[in-house]
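Welcome! Take a moment to look over the sequence and the model, and then let us walk through them together.

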Amino acid sequence: MAMTCVSVTRECDGCMSCLPEQQPSPICPVCDKETDTFYFDKGDEIVGCSECVSTKDAWEVAGCA
């Protein structure tokens, strides 16, 4: 039994044009990598993404650890 194309009432020929187009992932303006998460400063400016921003323990950075 042949499959029916989801976009019309014809037999599926495997063209895949019936699938919704995937939107491209957002690109980080800092590192130019695809990302799902942007990080912002208090001025609502992008400071990076999950690929180029890291976290550090504040006590270690301050030299108190």
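## A first look around threonine 35

Threonine 35 counts as buried, because its relative accessibility is 4%. This residue sits in the segment before S1. Its side chain reaches the backbone oxygen of threonine 37 at a distance of 3.0 Å. Setting aside neighbours within four places in sequence, threonine 35 is in contact with Ser25, Pro26, Cys28, Cys49 and Ser50. Please keep in mind that this is a predicted model.

Now for the wider view. The chain holds one helix and two strands, and from the N terminus on these elements run β-β-α. How many of the 65 residues count as buried? The share is 8% of the chain. The chain exposes about 6000 Å², and carbon and sulfur atoms supply 52% of that area. As for contacts between residues at least 6 apart in sequence, 2% of them join residues at least 24 apart.

## Glycine 48 and its neighbours

Strand S2 covers residues 46-49, and glycine 48 is found in it. Is glycine 48 buried or exposed? Glycine 48 counts as buried, because its relative accessibility is 0%. Not counting residues up to four places away in sequence, glycine 48 touches Cys28, Val30, Thr37, Phe38, Tyr39 and Val53. One of these partners, phenylalanine 38, is ten residues away in sequence, and its C-alpha lies 5.9 Å from that of glycine 48.

Valine 30, another residue that glycine 48 touches, is found in the segment before strand S1, which spans 38-40. Valine 30 has 49% relative accessibility and therefore counts as partly exposed. Together with Phe40 and Ile46, Val30 makes a nonpolar surface patch of about 250 Å².

## The cysteines

How many disulfides does a search of the whole structure find? The search finds zero. Cysteine 49 is in no disulfide, and the nearest cysteine sulfur, that of cysteine 31, is 3.7 Å away. Cysteine 52 has its closest cysteine sulfur in cysteine 31 as well, at 3.8 Å, which is too far for a bond; a disulfide would need the two sulfur atoms to be within 2.5 Å.

The surroundings of these two residues can be read from their accessibility. Cysteine 49 counts as buried because its relative accessibility is 0%. Cysteine 52, at 34% relative accessibility, counts as partly exposed.

## Two aspartates with positive phi

Let us finish with the backbone at two aspartates, set out in the table.

| Residue | Phi | Location | Relative accessibility |
|---|---|---|---|
| Aspartate 32 | near 65° | segment before S1 | 59%, exposed |
| Aspartate 44 | near 65° | loop between S1 and S2 | 57%, exposed |

For aspartate 32, phi is a positive value in a residue other than glycine. Aspartate 44 likewise has a positive phi and is a residue other than glycine. Why does aspartate 32 count as exposed? Its relative accessible area is 59%, and exposed means over 50%. For aspartate 44, the relative accessibility of 57% is why this residue counts as exposed.

How values were computed:
Residues are numbered from 1 along each chain as its sequence is written. This is a predicted model: local features need pLDDT of at least 70, side-chain atom pairs count only at pLDDT 80 or more; totals for chains, interfaces and linings use all residues. Side-chain values use heavy atoms; hydrogens and water are left out. Helices (H or I, at least four residues) and strands (E, at least two) are DSSP runs, numbered from the N terminus. Buried means under 20% relative accessible area, exposed over 50%, partly exposed in between (1.4 Å probe, protein chains only). Contact means heavy atoms within 4.5 Å. Accessible areas come from the Shrake-Rupley method with a 1.4 Å probe; for residues, only the protein chains shown count as cover. Patches are made of residues with over 30% relative accessible area and no salt bridge: like charges are joined within 9 Å, nonpolar side chains (Val, Leu, Ile, Met, Phe, Trp, Tyr) within 5 Å. A salt bridge is a side-chain nitrogen of Lys or Arg within 4 Å of a carboxyl oxygen of Asp or Glu. A polar contact is a pair of N or O atoms within 3.5 Å; within protein, one must be able to donate a hydrogen and the other to accept it, and residues adjacent in sequence count only if both atoms are side-chain atoms.
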